[in-house]
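Subject: A structure for you to look at

Hello,

I am passing on the structure we talked about, and I would like you to have it open while you read. My notes on what I found come straight after it.

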Amino acid sequence: MQITMIGTGSAFAKRYDNNNALIEANGFRLLVDCGITLPKALHEAGLDFAQLDAVLISHIHGDHVGGLEELAFQMMFRYQRKPVLYIAEELVQPIWESTLRGGLTQESLNSLSDFFEVRPLKAGETYELAKGLNVRLIQTKHIAGKASFSFVFNERFFYSADMKFDSNLLQALVDEGIETIYHDCQLESPGVVHASLEQLLTLPEAIQEKTWLMHYGDAMEQYKGKTGRMRFVEQRKRYDI
Ligand SMILES: O=c1ccn([C@@H]2O[C@@H]3COP(=O)(O)O[C@H]3[C@H]2O)c(=O)[nH]1
Ligand SMILES: [Zn+2]
Ligand SMILES: [Zn+2]
């Protein structure tokens with residue numbers, strides 16, 4: 001399994017694109033989140049929407065879903081193919097009613113399934129997305145009243161949604177065999193709706209060594225060397241997981 005961050009930036013970052021990822025396994029390409037900057041960032045990474053096999057969504061914020069309208073339109077009118085959309089069952093209705101409906105609706109095209117091959121996922125269950133690529137969703141805390149889902153891939157790689165610091169969860173995941181953690185990181189404290197760097201630095205060194213920081217702000221370079229045993233993920237660099 002390989003991962004390339006199409007972007008590693010926070011919602012307000014301008015030096016980095018939205019924190020969206022491309023996961024590859026045996027030739028299968030999964031896009032993890034599809035934010036506002038994703039269509040251009042994907043193009044700059046040398047890819048187009050037709051080369052994706054599926055999209056997986058963590059939660060409904062613009063930096064994670066703002067590019068879905070273009071994806072849906074391109075797939076329908078340029079490529080004549082319905083993209084596969086993996087999404088927590090709790091988000092199926094909200095993503096249509098609150099995010100996509102206004103832009104996508106026209107005459108007989110008026111539901112999420114008119115544009116996507118929708119695959120609702122239940123948190124806690126493991127799904128095989130492709131040969132050699134399994135995912136399990138964990139609902140993690142981000143903002144009150146807003147459901148947000150982090151991902152465990154192949155029972156060895158944890159990819160956080162936007163989430164508040166949760167050391168107990170991270171410890172439990174490592175105890176269960178998670179080898180690599182990609183975690184959102186707010187560089188300046190307090191984190192409030194994200195884990196702050198200050199909070200992540202309280203993790204035991206054994207967890208920090210497994211942890212890579214993403215979803216960071218424009219000041220990232222100034223924090224190099226100040227992240228304990230944790231490292232920053234670089235956007236557009238391909239990592240083996
Ligand atoms: O109660 C709130 C709600 C939102 N926000 C900001 O808006 C951003 C939305 O995208 P994000 O989830 O990546 O990050 C969020 C924060 O930067 C906040 O600071 N407090
Ligand atoms: Zn975000
Ligand atoms: Zn968010």
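Let me begin with H215, which sits in the loop between β12 and β13. This residue has a positive phi of about 55°, although it is not a glycine. Is H215 buried or exposed? It counts as buried, because 29 C-beta neighbours lie inside 10 Å, and the cut-off for a buried residue is 20 or more.

Before going further, please keep in mind that this is a predicted model. The mean pLDDT of the protein chain is 98, and 100% of its residues reach 70 or more. The scores for the model are ipTM 0.98 and pTM 0.98.

The two strands on either side of the H215 loop belong to a bigger arrangement, so to speak, and here is how it is laid out. There is an open sheet of 7 strands with mixed pairing, in the order β7-β8-β9-β10-β11-β12-β13. Its edge strands are β7 (126-130) and β13 (231-232), each of which pairs on one side only. At the β13 end, β12 (residues 211-214) runs parallel to β13, with 2 bridges between them. If you want a place to see this pairing, look at L213, which stands opposite F232 in β13.

At the other end, β7 pairs with β8 (residues 133-139) in the antiparallel sense over 4 bridges. Here Y127 stands opposite V135 in β8. β7 and β8 form a hairpin with 2 residues between the strands, and in this hairpin G132 takes a positive phi near 80°.

Now for the start of the chain. Strand β1 (residues 2-5) has two faces: I3 and M5 are on the covered one, while Q2 and T4 are on the uncovered one. β1 has antiparallel pairings with two strands that I would point out. With β14 (residues 238-240) it shares 3 bridges, and the bridge partner of Q2 in β14 is D240. With β2 (residues 21-25) it shares 4 bridges, again in the antiparallel sense, and M5 stands opposite A21 in β2.

Next, a helix. Which residues of α3 (residues 68-78) are buried? They include L68, L71 and A72. Seen down the axis of α3, the buried residues fall within an arc of 95°, so they line one face of the helix. This fits a general rule: an α-helix has 3.6 residues a turn, so residues three or four places apart point the same way. On the other side of α3, F77 and R78 are exposed.

The ligand comes next. Which residues surround ligand 1? They are S10, A11, H61, D63, I143, D162, V192 and V193. By type, this shell divides into 4 nonpolar, 2 polar and 2 charged residues.

One of those residues, V192, leads to a stretch worth a visit. V192 is in the loop between β11 and α7, and its phi is near 60°, a positive value in a residue other than glycine. V192 counts as exposed, because it has 9 C-beta neighbours inside 10 Å, where the cut-off for exposed is 12 or fewer.

In that loop, between β11 (180-184) and α7 (197-200), you will also find G191. G191 has 19 C-beta neighbours inside 10 Å and therefore counts as partly exposed. From G191 to L121 is 70 residues in sequence and 29 Å in space, C-alpha to C-alpha. P190 lies in the loop between β11 and α7 as well, and a cis peptide bond, with omega about -5°, joins S189 and P190.

For a contrasting pair, try E205 and M230: they are 25 residues apart in sequence and 8.7 Å apart in space, C-alpha to C-alpha. E205 lies in helix α8 (residues 205-208). E205 is exposed, because 9 other C-beta atoms lie within 10 Å.

Finally, a word on annotation. An unreviewed UniProt entry places the feature "domain: Metallo-beta-lactamase" at residues 17-215. The end C-alpha atoms of that span lie 9 Å apart, and the span is 30% helix and 27% strand.

Happy exploring, and best wishes

Conventions. Residues numbered from 1 in each chain as written. Chains lettered and ligands numbered in written order. Predicted model: local features only at pLDDT ≥ 70, side-chain atom pairs only at ≥ 80, totals over all residues. Near = placed C-beta within 6 Å. Nonpolar A, V, L, I, M, F, W, Y, C, P; charged D, E, K, R; others polar. pLDDT = per-residue confidence, 0-100. Pairing = 2+ DSSP bridges. UniProt positions renumbered as here; feature names shortened; annotations may be inferred. Arc of directions from axis to C-beta.
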